[in-house]
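Below is a short note for a colleague who has not seen this structure before. The points are meant to be read with the structure open.

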Amino acid sequence: MRKFVILGGGYGGLAMIQGLISSNHLPHDIELVLVDRMPFQGIKTEYYALAAGTATDFDLRIQFPNHNQLTKRYGEVTSIDLENKLVHMEQDEPIKYDYLVIALGCTDRYHGIPGAEQFTNSIQTFSGTRKTYQRLNDIKPYGQVHIIGGGLSGVETAAELRESRPDLNITILDRGSRVLSAFPSPVSAYVEQWFRDHDVMTRSHISVSRVEEGIVYNGDEPIQTDVTVWTGGIQPVKVVQDLNVPKDPGGRILLNSYSQIPDYPEVYVVGDCASIPFAPSAQAAGAQAEQVAEVLHALWRGDTPKLHKIRLKGTLGSLGSKAGFGLMGKTSVKGRVPRLLKSGVLWLSRRHFG
């Protein structure tokens with residue numbers, strides 16, 4: 001049997017498995033091995049709701065599929081030996097592979113800011129988000145919460161926390177001139193107005209110089225805080241950071257057109273660890289994984305893979321349970337409709353339809 005190991009059961013890893021097993025053309029001598037630290041996929045795009053307390057842990061789990069050629073291994077990946085085709089595990093024997101997919105996702109990027117990792121709270125992993133939920137929901141009434149980063153995650157976290165805890169003082173600290181700088185300015189203006197209407201503060205042109213217990217420093221200005229949530233940047237996980245292969249300035253692995261590492265064509269990289277022409281997102285990871293599955297089916301048939309162009313459908317964000325925003329192609333959407341659309345996408349994801 002040829003062993004096909006998939007590291008990570010997130011959006012990219014799960015789409016990869018579904019793409020390989022759904023067509024009924026998986027070669028009989030291929031054993032798929034899914035490696036993940038947990039026995040389910042966490043719906044990472046909704047971790048902000050878990051942190052705020054408006055969604056439960058159980059709400060955000062998707063069970064992995066079952067298939068007679070799929071084996072599941074649970075544990076922590078510590079390193080990848082590309083030369084010897086081995087995946088090293090924290091408390092288990094190394095896993096030998098013939099093919100490998102690296103879909104391990106991302107972690108926070110702290111930009112070298114002293115104290116940022118130690119004194120802020122994360123929403124990048126299930127376990128980290130559980131701890132953030134505990135901290136946020138233990139704050140006494142009228143406490144101060146600061147969210148560093150005014151991108152999609154920061155905005156959704158602030159809005160959801162406002163719905164969950166109307167008593168708290170919530171402030172977004174952003175280095176740019178407006179929140180959601182990746183979106184058109186009318187979307188930012190709509191979100192800023194929603195924040196004003198719901199008593200969420202936003203401060204722009206903030207330069208976080210260091211973080212201490214209970215204090216965020218904007219240059220030399222101390223900002224008192226009870227809890228600080230970090231949404232100020234991401235990077236590939238440490239296992240990928242440690243790989244000695246060519247990478248782009250963001251630390252993502254450079255690939256050929258088939259999403260292979262050029263010097264190791266048996267290794268594919270999908271999602272947040274891959275240098276692709278899209279911002280890291282669940283949608284991009286899933287779409288790229290589907291393309292890689294098609295490449296593999298073609299190679300196993302002995303054909304030359306035909307690459308379809310990856311087209312993303314757009315980005316949706318929520319402002320609590322009743323309002324939202326988004327960008328569909330070049331069209332901005334604001335109000336109740338994008339919130340309903342996002343709820344629909346989530347419903348489909350939970351049922352493996354999207």
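**Notes on the predicted model**

1. The largest nonpolar core has 63 residues, and those with the most contacts inside it are F4, M16, L20, V155 and F195. This is a predicted model, and the points below should be read as such.

2. F4 can be followed further. Setting aside neighbours within four places in sequence, F4 is in contact with M16 and L20, both of them also listed among the core residues with the most contacts. The other contacts of F4 are I30, E31, L32, V33, Y99, V101, L296 and W300.

3. There is also a second, separate core, made of 25 residues. Its members include V33, V87, V237 and I261. V33 is thus listed in this second core, and V33 is in contact with F4 as well.

4. On the annotation: UniProt, in an unreviewed entry, lists residues 3–286 as "domain: FAD/NAD(P)-binding". In the model, the span of residues 3–286 is 24% helix and 29% strand. The C-alpha atoms at the two ends of this span lie 22 Å apart.

5. One sheet is open and consists of three strands in the order 14-15-16, with antiparallel pairing. Strand 14 (208–212) and strand 16 (221–224) are the edge strands; each has a single partner strand, so one side of each has no neighbour in the sheet. On average, neighbouring strands here are turned by 25 degrees against each other, direction ignored.

6. Within that sheet, strand 14 pairs with strand 15 (residues 215–218) in the antiparallel sense, over four bridges. At the level of residues, V211 has V216 in strand 15 as its bridge partner.

7. Where does G151 sit? G151 is in the loop between strand 11 (144–148) and helix 5 (152–164). With a relative accessible area of 30%, G151 counts as partly exposed, because that category lies between the 20% limit for buried and the 50% limit for exposed. G151 and S181 are 30 residues apart in sequence, and their C-alpha atoms are 7.1 Å apart in space.

8. Is Q288 buried or exposed? Q288, found in helix 8 (residues 282–301), is buried, with a relative accessible area of 1%. The Q288 side chain reaches the backbone nitrogen of G271 at 2.8 Å. G271 is also among the contacts of Q288 when neighbours within four places in sequence are left aside. The others are L255, S259, V269, V270, A274, I276 and I310.

Methods
Residues numbered from 1 in each chain as written. Predicted model: local features only at pLDDT ≥ 70, side-chain atom pairs only at ≥ 80, totals over all residues. Heavy atoms only, no water. Pairing = 2+ DSSP bridges. Axes fitted to C-alpha atoms, helices over the stretch in contact; angles between N-to-C directions. UniProt positions renumbered as here; feature names shortened; annotations may be inferred. Core = buried A, V, L, I, M, F, W, Y, C linked by side-chain atoms within 4.5 Å. Buried < 20%, exposed > 50% of the residue type's maximum accessible area, 1.4 Å probe, protein only. Contact = heavy atoms within 4.5 Å. Polar contact = N/O pair within 3.5 Å; in protein donor to acceptor, adjacent residues only side chain to side chain.
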